[in-house]
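Visitor: I am new to this model and would be grateful for a close look at a single part of it. Please choose the interior, and explain the terms as they arise.

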Amino acid sequence: MLVSGMLFERQRLLLNLLDSLGKPVGHTDFQKLLFLFTREFEKEPSYEFVPYRYGCFSFTSYADKRRLIVGGFLADDEQHWRLTDSGRQAARQKPYSAAKILSFSQRYNRLRGNALIAEVYRRYPYYTTRSDIVDKVLSDGEARKYIEQSRSAPSASGLLTIGYEGKSLEGYMNQLLQAGVSLLCDVRRNPLSRKYGFSKGTLSKTCESIGICYEHLPELGIASDKRRELNTQADYDALFADYEQNDLPRQESVLNSIASWIVNDRQRVALTCYELHPEQCHRHCVAKAVQKRLSNRCDIQHLEEACANAF
């Protein structure tokens with residue numbers, strides 16, 4: 001169980017925002033208020049957001065809400081974010097930047113509902129790109145035209161790679177969305193992670209919720225016992241040379257499937273694993289093997305590097 005002294009700073013922010021607002025806040029309103037605070041009152045946002053059905057949304061904030069409910073700081077309320085007495089006490093024992101919280105509350109405490117959503121939509125149009133309620137919230141043509149301009153043009157099919165090391169779930173998802181990825185292929189043998197959002201169950205559901213398909217391809221993974229004692233780039237290079245010589249040749253079927261998804265299904269495929277840098281991850285070997293099956297007509301775009309041309 002969480003105790004007050006063990007709260008993350010971002011969790012303290014949730015408690016302090018709710019305390020400053022003075023009463024329970026509905027889910028959609030609180031997401032918008034939290035978004036505005038992190039964008040306007042923090043240099044390094046405590047939470048990142050993705051475009052979602054009702055605009056900006058933070059999956060991580062909801063994971064924190066569940067932890068705070070278990071810890072007794074928030075009420076188990078399906079409709080609202082609601083402080084308990086323990087939560088209010090914890091918020092006041094160690095305030096999160098009290099001056100910023102007060103300034104924010106004075107500016108936004110009366111803004112709720114469609115007026116609040118419209119404020120966010122007009123000022124941050126990227127987060128409207130997957131909204132189901134734009135027509136309900138905005139009526140003036142100029143704002144809607146601006147939102148349409150913020151939508152990315154459809155991307156050509158192609159082959160990309162991405163690692164999640166050092167990223168939040170939302171930051172990672174925004175990279176996928178902005179790169180036009182339509183299919184995420186998880187090439188980990190064991191898709192488990194201590195980092196929130198990157199175990200198979202949560203990752204696949206999150207992808208589905210924002211319109212990206214997810215496939216787990218465990219046969220392309222590398223056994224964990226082979227990944228020990230990787231201290232230098234030479235160690236990685238030796239591991240990948242063995243992988244390309246002894247493992248990948250046995251995976252013709254799944255490599256051909258990836259190539260078919262790109263060519264026949266016109267998918268924009270991203271291969272994913274943990275490591276930030278592709279040269280320290282076997283996904284770059286998989287990408288090269290797929291590229292050969294496409295007769296080298298497909299450039300590989302590593303999302304951590306400069307963009308390459310799509311297939």
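Guide: What follows looks at the interior, beginning with one helix.

This is a predicted model, in which local features need pLDDT of at least 70 and side-chain atom pairs count only at pLDDT 80 or more, while totals for chains, interfaces and linings use all residues. Residues are numbered from 1 along each chain as its sequence is written, and side-chain values use heavy atoms, with hydrogens and water left out.

Helix 4 spans residues 85-93, and its buried residues are Gly-87, Ala-90 and Ala-91 (buried: under 20% relative accessible area; exposed: over 50%; partly exposed: in between; 1.4 Å probe, protein chains only; helices: DSSP runs of H or I, at least four residues, numbered from the N terminus). Seen down the helix axis, these buried residues fall within an arc of 100 degrees, so they line one face of helix 4 (the arc is that of the directions from the axis to the C-beta atoms). That buried set packs against helix 1, residues 9-21, whereas Asp-85, Arg-92 and Gln-93 are exposed on the other side of helix 4.

The largest nonpolar core has 57 residues (buried Ala, Val, Leu, Ile, Met, Phe, Trp, Tyr and Cys joined through side-chain atoms within 4.5 Å). Those with the most contacts inside this core are Leu-15, Tyr-172, Met-173, Leu-176, Leu-184 and Leu-203. Leaving aside neighbours within four places in sequence, Leu-203 is in contact (heavy atoms within 4.5 Å) with residues including Leu-169, Tyr-172, Met-173, Leu-184, Phe-198 and Tyr-214. Apart from the largest core lies another, of 31 residues, among them Phe-240, Leu-255, Val-290 and Leu-294.

How values were computed:
Helices (H or I, at least four residues) and strands (E, at least two) are DSSP runs, numbered from the N terminus.
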